[in-house]
Amino acid sequence: EGEDTQADIYMTVDAGNLATAAEQGIFQPLDSDVLNEAIPESLRDPDNQWFALSARARTIVYSPERVSADELPTTYEELAEPEWEGRVCLRNSTNAYTQSLVARLIGSRGYDETLEIVEGWANNAEILPNDMVQLFSVADGLCDVAITNHYYLARVYEDDPDFPVDLVWVDQEDRGVHVNISGAGVTRFADDPELAQQLIEWLATDGQSAFVDGNHEYPVNPDVEPDALVVAEFGDTFVADPLNPAEYGLLNAEAVRLLDEAGYE
């Protein structure tokens, strides 16, 4: 749209989308003490073009009835091992969350090692269209484990506290669980950039709970508590991968190529 745009703010999910938008020159950098204080440096663009507003951890869920404590997988890589063949459900390759997780693995493990992991996933997994289908597939016995965003399970617990699927935080002894984000920035051709900046500042401070609680996401502002259901079910702390979303966001195209090379649907 360029100069003709009516949008003052571009808000979206997924680090890849935000990184691509920054690469394409959609944003203008912001000079905001409010945002710099509210949003950790690891959750904002290095040039302050966009800022995370909520966080979603993508981790392993499992059936406690069919997965014993001594075999519980605690890393993404384990799901590529032969013993998990036919027991795993995963999202399809066109899904942004799949691509970002693979991009994160490329950023930490390198392309070749990640290719081996994803090939193992492709061999072992039933590929499904969305996270909710994955959760109910675990509950119904189609698979024993899956990788989903934490808030999908929280939504199910809200309606059914006895839902027979549990969550485990992965990589807690290593890099930490993969965290993706929702975020926003002011567009380069905004008609009212000051007002747009004020809205993003509000969403990052006083408006954090209003923004995240309804979806059961984690707030990115460390001074804001997660909603009560998330704390009760999953706790308020976990080790998160420190890799800046901007870094793995720029690896998204490489992740798409790797998924295709691995034969991952």
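What is the volume of the largest cavity? The answer is about 70 Å³. Keep in mind that this is a predicted model. The structure holds 1 cavity of 30 Å³ or more, and there are pockets to look at too, starting with one of about 470 Å³. Here's a quick tour, with W121 as a handy landmark, since W121 helps line the largest cavity.

**The cavity**

- If you want to find the largest cavity, look for its lining: R58, L90, R91, T98, L101, V102, W121, I147 and Y264.
- Sorted by type, that lining has 6 nonpolar residues, 1 polar and 2 charged.
- Both β3 (88-91) and α3 (96-109) chip in at least two lining residues each, and α3 gives the largest share, with 3 residues.

**W121 and the core**

- The largest nonpolar core has 81 residues, and the ones that touch the most other members are W121, L153 and F234.
- Strand β2 (residues 51-62) supplies the largest share of this core, 8 residues.
- As background, nonpolar side chains tend to be buried together in soluble globular proteins.
- Leaving out residues up to four places away in sequence, W121 touches Y76, L79, A80, L90, L101, V102, L105, I147 and Y264.
- Among the residues lining the largest cavity alongside W121 are L90, L101, V102, I147 and Y264, and W121 touches L90, L101, V102, I147 and Y264.

**Helix α4**

- W121 is one of the buried residues of α4, along with Y111, T114, L115, I117, V118, G120 and N124.
- Covering the buried part of α4 are several elements, including β3, α3, β4 (125-128), β5 (145-149) and α11 (252-261).
- How does the length of α4 check out, and what span should its 14 residues have? At 1.5 Å a residue, α4 (residues 111-124) should span 20 Å, and its end C-alpha atoms are 20 Å apart, so the two agree.

**The pockets**

- The largest pocket comes in at about 470 Å³, and 21 residues line it, with Y218, P219, D236, F238 and A240 closest to its centre.
- Its lining splits into 15 nonpolar, 3 polar and 3 charged residues.
- Next comes the second largest pocket, at about 190 Å³.
- You'll find E1, G2, T5, A7, Y10, Q24, G25, I26, T187, R188 and F189 around the second largest pocket.
- That second lining has 4 nonpolar, 5 polar and 2 charged residues.

Notes. Residues are numbered from 1 along each chain as its sequence is written. This is a predicted model: local features need pLDDT of at least 70, side-chain atom pairs count only at pLDDT 80 or more; totals for chains, interfaces and linings use all residues. Side-chain values use heavy atoms; hydrogens and water are left out. On a 1 Å grid over the protein atoms alone, a cavity is a set of points where a 1.4 Å probe fits but cannot get out, and a pocket is an open set with protein on both sides within 12 Å along at least five of seven lines; lining residues have an atom within 4 Å of a point. Grid points are joined across faces, edges and corners, and a volume is the space filled by probe spheres set on the points. Helices (H or I, at least four residues) and strands (E, at least two) are DSSP runs, numbered from the N terminus. Ala, Val, Leu, Ile, Met, Phe, Trp, Tyr, Cys and Pro count as nonpolar, Asp, Glu, Lys and Arg as charged, and the others, Gly among them, as polar. A nonpolar core is a set of buried Ala, Val, Leu, Ile, Met, Phe, Trp, Tyr and Cys residues joined through side-chain atoms within 4.5 Å. Buried means under 20% relative accessible area, exposed over 50%, partly exposed in between (1.4 Å probe, protein chains only). Contact means heavy atoms within 4.5 Å. The expected span of a helix is 1.5 Å times one less than its number of residues.
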